[in-house]
Amino acid sequence: MAEQPADKKFFENLSGAGKAIGVLTSGGDAQGMNAAVRAVVRMGIYVEAKVYFIYEGYQGMVDGGDNIVEVSWESVSSILQVGGTVIGSARCKEFRTREGRLKAACNLIQRGITNLCVIGGDGSLTGANLFREEWSGLLEELAQSGKIEEEAVKKYVYLNIVGMVGSIDNDFCGTDMTIGTDSALHRIIEVVDAIMTTAQSHQRTFVLEVMGRHCGYLALVSALACGADWVFIPEYPPEEGWEDQMCVKLSENRARKKRLNIIIVAEGAIDSHNKPITSEKVKDLVVQQLGFDTRVTILGHVQRGGTPSAFDRILASRMGVEAVLALLEATPDTPACVVSLSGNQAVRLPLMECVQMTQEVQKAMDERKFCEAVRLRGRSFENNLNTYKLLSHRKPDTELPKDDLSCSTNFNVAVLNVGAPAAGMNAAVRSAIRVGITEGHNMFAVIDGFEGFANGQIKEISWGDVGGWTGQGGSLLGTKRTLPAKYLEKIADQMRINNINALMVIGGFEAYESCLQLAEARARFEEFCIPICVLPATISNNVPGTDLSIGADTALNAIVETCDRIKQSASGTKRRVFIIETMGGYCGYLANMGGLAAGADAAYIFEEKFDIRELQANVEHLTEKMKTSIQRGLVLRNENSNENYTTDFIYQLYSEEGKGVFDCRKNVLGHMQQGGAPSPFDRNFGTKISAKAVQWISKKLRETYRRGKVFANTEDSVCLLGMRRRNLLFQPVVELKDQADFVHRIPKEQWWLKLRPLMKILAKYKTSYDVSDSGQLEHVARHSPKEAETVAI
């Protein structure tokens with residue numbers, strides 16, 4: 001192994017030898033819990049600790065016996081794609097008593113377990129913290145009663161606790177996403193998409209009740225993701241007279257030839273007098289006041305079920321590995337911590353700070369301080385709510401006085417798609433059009449990218465024209481890979497003819513490169529001296545200046561679903577290895593993250609050079625694996641990872657070398673990764689960053705409007721809006737030039753390469769893992785309302 005840089009910290013220095021880790025799931029189940037359990041077990045064994053399953057949550061800890069079992073590497077094979085929790089979860093009244101906790105402590109001491117990884121909600125984690133605080137007292141009491149030796153009291157003096165939040169409601173403060181939330185959104189959106197087709201057939205109104213007794217996250221995000229007409233959540237009770245307002249909106253939408261209405265109700269929704277708003281009440285209101293054919297669908301436990309999404313598998317795997325690192329690094333002075341997600345970064349936060357803040361939300365709601373409750377929920381929740389308000393609470397038919405610049409700008413803003421289609425593009429276009437109209441602009445759609453622009457395929461687009469676009473895959477505006485360089489004169493002419501004052505370009509690396517060309521052509525064409533914003537949208541996730549792109553999550557889910565099916569196809573066949581080729585150009589994001597989410601044994605990518613020796617090592621690794629009870633393998637290869645080691649070559653090599661041990665199959669996933677309905681994440685991400693981009697454009701238009709004309713020629717007036725670690729940032733495209741590899745069309749530095757060792761560790765390879773970013777316990781940030789604008793994920 002190469003010498004490691006002095007300023008970096010590597011987990012090889014952290015040994016689990018002599019330590020025992022117990023893992024349990026508690027409270028309500030959530031998809032992705034098994035992925036977290038798998039990561040804890042495999043990372044724990046990797047660092048040479050003993051790892052124990054504690055079956056049936058705290059009940060199993062209290063009962064002991066066969067409920068606490070040491071596990072092996074193979075014990076967690078094939079659970080990554082399973083919903084719920086294979087080790088069981090149960091409510092336990094006995095653990096709430098000191099007597100119950102004494103029994104639990106005794107059972108743990110008998111096995112030398114002093115490190116606990118708890119996956120559950122705030123109640124489960126609070127219980128774990130109390131257990132930790134009482135630990136030394138419990139041990140002394142057990143020693144006095146003769147149930148444990150005095151030596152054990154000295155040897156096992158401290159209990160370390162690390163929590164991961166598994167909850168479909170996303171109701172825990174301190175983390176942007178809890179394990180299971182994204183999968184629950186998948187279930188909701190699958191139902192909404194199915195309902196939309198039947199509702200349109202009959203001109204129906206559907207009222208959907210989703211889970212969320214105390215937190216409206218699922219209802220709010222699913223409303224954004226499906227373009228619902230109205231949403232009811234506990235944190236945002238409707239104003240007095242909401243009944244009439246809602247009915248007016250529904251009838252206006254019908255009058256505009258909209259054949260269906262969708263209303264989403266969180267089960268804990270209330271009105272301004274703290275009275276429940278039920279789905280039945282909403283249905284009766286619509287029927288009585290409007291006479292619309294209305295149906296109620298209560299989703300119930302459907303939302304908890306099914307296979308975990310790619311996002312939840314990756315999140316749970318990252319959190320599981322981070323939890324083991326936190327346990328290894330814990331000292332007697334370290335408080336119980338919870339592993340959280342902030343933007344795109346795993347962080348550790350003191351458990352009780354998070355629990356206290358979560359309880360403060362409920363207190364604020366009980367005291368009817370709803371603005372405070374929304375603020376305490378965090379930046380992500382607040383951004384979702386602000387975007388919903390922006391898109392929904394404005395009557396589009398209201399005519400604005402054109403001479404009043406305070407509410408109408410009369411600016412012309414054009415939107416176009418560039419590059420390959422990506423799921424979520426249409427959600428971004430819809431959001432841009434509607435927020436633009438709300439801001440007082442005239443919105444124009446450009447058909448077929450810059451090629452269409454040059455040919456004058458530009459039309460004004462209204463609020464109603466983009467109805468129902470959020471759930472549509474592909475690009476309804478049409479898109480081409482053509483760059484503007486060879487059409488600059490024609491495009492400038494069209495900009496002048498249509499008096500375009502600002503431009504939003506949604507697309508992949510081509511979109512970034514296009515805007516760079518427009519910025520560089522400003523000296524020759526004054527028409528390009530306008531605010532221009534790029535939104536990254538590509539399945540390849542290869543745009544400089546952003547960690548994530550619209551469309552990549554949908555493609556990952558397509559890959560993971562296919563890998564699940566392929567692995568399942570081998571369940572009746574012994575010893576088989578699958579070689580799967582993914583898209584992505586030269587960017588290995590899909591292959592690497594797909595490998596992590598699908599539990600692959602290897603992923604070959606362009607960014608990490610490999611040779612015949614590594615291929616041989618992988619074959620040998622799989623040969624050893626086939627001797628265990630796990631008799632199937634999965635290998636992913638990015639399409640351009642190596643021009644000589646093609647998918648066919650690797651397939652033939654594996655087939656030859658594996659003769660007599662395993663046989664091989666290959667699959668090229670191809671364009672199925674580009675198609676399909678967008679995932680909830682992509683719909684939501686596209687909707688939110690697009691709304692933010694339009695607000696930025698409005699600000700730039702006001703700043704650059706002089707003497708009846710828009711003139712913007714500074715570098716910061718052509719920006720890419722990207723997500724960097726924890727924040728959404730507008731970055732001048734010129735400044736991003738140094739960060740881009742134009743030959744291979746990828747960023748020079750890619751954050752996800754840091755996660756590459758995780759896949760290797762979870763597949764039992766020895767590797768080096770840089771943990772410089774982790775290890776610091778942070779504090780829960782209490783943000784001001786202004787800070788909410790910095791992130792939207």
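# Exercises on a predicted model

Lys609 lies over the face of Phe606, with 3.7 Å to the ring centre. The model in which this arrangement appears is a predicted one, and the exercises below work through it region by region.

**Exercise 1. Charges over rings**

Determine which ring lies beneath the charged end of Lys766, and at what distance from its centre.

Solution. The ring is that of Tyr46, and the charged end of Lys766 sits 4.5 Å from its centre. The distance satisfies the cut-off, which asks for NZ of Lys or CZ of Arg within 6 Å of the ring centre and within 35 degrees of the ring normal.

**Exercise 2. Aromatic pairs around Phe232**

Classify the pairs that Phe232 forms with Trp230 and with Trp242, and say where the partners lie in the fold.

Solution. Step one is to recall that a pair of aromatic rings is described by the distance of the centres and the angle of the planes. By the rule of centres within 6.5 Å, the model holds 21 aromatic pairs. In one of them, Trp230 and Phe232, the ring centres are 6.4 Å apart and the planes meet at 45°, so this pair is tilted.

Step two turns to Phe232 and Trp242, whose centres are 5.0 Å apart with planes at 75°, and this pair is therefore edge-to-face. Since Phe232 belongs to strand 7 (residues 230–232) and Trp242 to helix 8 (residues 242–255), the pair ties together parts that are 10 residues apart in sequence.

Step three concerns accessibility: Trp230 is buried at 8% relative accessibility, and Phe232 is buried at 1%, while Trp242 is likewise buried. Elsewhere, Tyr58, Phe95, Phe131 and Trp135 make up one aromatic cluster.

**Exercise 3. The nonpolar cores**

Identify the residues with the most contacts inside the largest nonpolar core, and find the helix that gives the most to it.

Solution. The largest nonpolar core comprises 191 residues, and those with the most contacts inside it are Met164, Ile264 and Leu503. Helix 10 (residues 310–329) gives the most to this core, contributing 13 residues. Taking Ile264 as a worked case, and leaving aside neighbours within four places in sequence, one finds among its contacts Leu208, Val210, Cys226, Trp230 and Phe232. Another core, of 52 residues, lies apart from the largest one and includes Phe95, Leu108, Cys173 and Ala336.

**Exercise 4. A buried asparagine**

Establish whether Asn442 is buried or exposed, and which side chains make polar contacts with its side chain.

Solution. Asn442 lies in strand 13 (residues 442–446), and its relative accessible area of 14% places it among buried residues, for which the cut-off is under 20%. The side chain of Asn442 is joined to that of Asn410 by a polar contact of 3.1 Å, and a polar contact of 2.9 Å links it with the side chain of Asn412.

**Exercise 5. Positive phi outside glycine**

Locate Arg707 and Lys764, and describe the phi value and accessibility of each residue.

Solution. The background is that most residues other than glycine have a negative phi. Arg707, in the loop between strand 22 (705–706) and strand 23 (709–710), nevertheless has a positive phi near 50°, and it is exposed, with a relative accessible area of 84%. Lys764, in the segment after helix 23 (756–762), has a positive phi of about 80° and counts as partly exposed at 45% relative accessibility.

Conventions:
Residues numbered from 1 in each chain as written. Predicted model: local features only at pLDDT ≥ 70, side-chain atom pairs only at ≥ 80, totals over all residues. Heavy atoms only, no water. Phe/Tyr/Trp six-rings, centres within 6.5 Å; stacked < 30°, edge-to-face > 60°. Buried < 20%, exposed > 50% of the residue type's maximum accessible area, 1.4 Å probe, protein only. Helix = DSSP H or I, 4+ residues; strand = E, 2+ residues; numbered from the N terminus. Polar contact = N/O pair within 3.5 Å; in protein donor to acceptor, adjacent residues only side chain to side chain. Core = buried A, V, L, I, M, F, W, Y, C linked by side-chain atoms within 4.5 Å. Contact = heavy atoms within 4.5 Å.
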